[in-house]
Amino acid sequence: MIIVLTGLHGSGKSYFANNICKKYGFEIIYKNDLIKKMCEKKNIYSWHNWYIENFNKDFITTTIKILQNLPKDKDIILDSVHSYNEWMVAKKYLKDVYLALIIAPEDIRKSRYEKDDFLKDIKRINYYHSKENNNINCLYACATWAFNGSSCDEVNEKSFLELLNYINNSKTKEKELERKKKLWK
């Protein structure tokens with residue numbers, strides 16, 4: 001199972017991943033670390049420039065290359081995806097993948113900001129939306145679940161268990177539907 005996180009800077013994505021998800025055996029994978037390792041193997045000096053250039057040129061191929069570097073057969077938290085288009089590729093390419101939104105009030109996010117995070121969030125919000133055929137698609141609207149990055153660990157842990165329960169129930173329903181389809185053939 002892969003749970004992909006999304007959210008603004010300072011919302012609590014990394015904290016959530018490291019303090020809630022690890023308790024349940026999930027391996028935390030940071031997308032930037034995957035990209036850095038890919039670039040190191042190819043002796044590419046600036047991983048960030050490589051990513052921006054290649055993503056803007058061909059986001060599908062670039063996203064697939066990154067996703068191919070995820071560990072297989074492990075429960076993973078991927079921190080993070082910030083574009084509707086990127087999520088659509090992940091959803092199509094990966095099996096058993098879910099998008100989790102981490103939110104927090106603006107004043108709390110601002111208290112956690114590092115230099116230039118506010119400016120980065122302006123760009124990020126634009127990436128959350130994609131316009132295709134006069135339709136505006138929103139990354140947040142694709143979320144399977146949402147967590148409050150300013151809630152205590154106990155609340156988010158309970159909510160994480162609810163997410164896992166929801167996923168397991170959904171899988172059971174899908175299997176039952178497939179079984180019924182086979183019976184009707």
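Trainee: Is K23 buried or exposed?

Mentor: The cut-off for exposed is over 50% relative accessible area. In this predicted model, K23 has 51% and is therefore exposed.

Trainee: Which side chain does K23 meet in a salt bridge?

Mentor: Side chains of opposite charge can pair when their charged atoms come close. Here the partner of K23 is E157, at 3.2 Å from N to O. E157 belongs to helix 8, whereas K23 sits in the loop between helix 1 and strand 2 (27–30), so the salt bridge ties together parts that are 134 residues apart in sequence. E157 is also among the buried residues of helix 8.

Trainee: What other salt bridge involves helix 8, and which parts does the pair tie together?

Mentor: D96 and K171 meet in a salt bridge at 3.0 Å, N to O. K171 is in helix 8 and D96 in the loop between helix 5 (84–93) and strand 4, so this pair ties together parts that are 75 residues apart in sequence. Both ends are partly exposed: D96 has a relative accessibility of 28%, and K171 has 26%.

Trainee: How many residues does helix 8 have, and what covers its buried residues?

Mentor: Helix 8 spans residues 153–184, which makes 32 residues. From first C-alpha to last it reaches 46 Å, close to the 46 Å expected at 1.5 Å a residue. Its buried residues are N156, E157, S159, F160, L163, L164 and I167. Their cover includes strand 1 (2–6), helix 1 (13–19), strand 3 (76–79), strand 4 (97–103) and strand 7 (145–148).

Trainee: Where do K120 and D117 lie?

Mentor: Both are in helix 7 (residues 117–127), three residues apart, about one turn of the helix. They form a salt bridge whose closest N and O atoms are 4.0 Å apart. D117 is buried at 6% relative accessibility, while K120 is partly exposed at 43%. The structure holds eight salt bridges.

Trainee: How much space lies in the largest pocket, and which residues are closest to its centre?

Mentor: The volume is about 1,100 Å³. Of the 35 lining residues, H9, N32, H82, K120 and R124 are closest to the centre. Elements giving two or more residues to the lining include helix 2 (31–41), helix 3 (47–57) and strand 5 (129–132). By class, the lining has nine nonpolar, 14 polar and 12 charged residues.

Trainee: What classes of residue line the second largest pocket?

Mentor: Eight nonpolar, one polar and five charged residues line the second largest pocket. About 220 Å³ of space lies in it. Of its 14 lining residues, I2, P71, K72, L94 and K95 lie nearest the centre.

Conventions: Residues numbered from 1 in each chain as written. Predicted model: local features only at pLDDT ≥ 70, side-chain atom pairs only at ≥ 80, totals over all residues. Heavy atoms only, no water. Helix = DSSP H or I, 4+ residues; strand = E, 2+ residues; numbered from the N terminus. Expected span 1.5 Å × (residues − 1). Buried < 20%, exposed > 50% of the residue type's maximum accessible area, 1.4 Å probe, protein only. Contact = heavy atoms within 4.5 Å. 1 Å grid on protein atoms, 1.4 Å probe; cavity = no way out; pocket = protein on both sides within 12 Å on 5 of 7 lines; lining within 4 Å. Points joined across faces, edges and corners; volume = space filled by probe spheres on them. Nonpolar A, V, L, I, M, F, W, Y, C, P; charged D, E, K, R; others polar.
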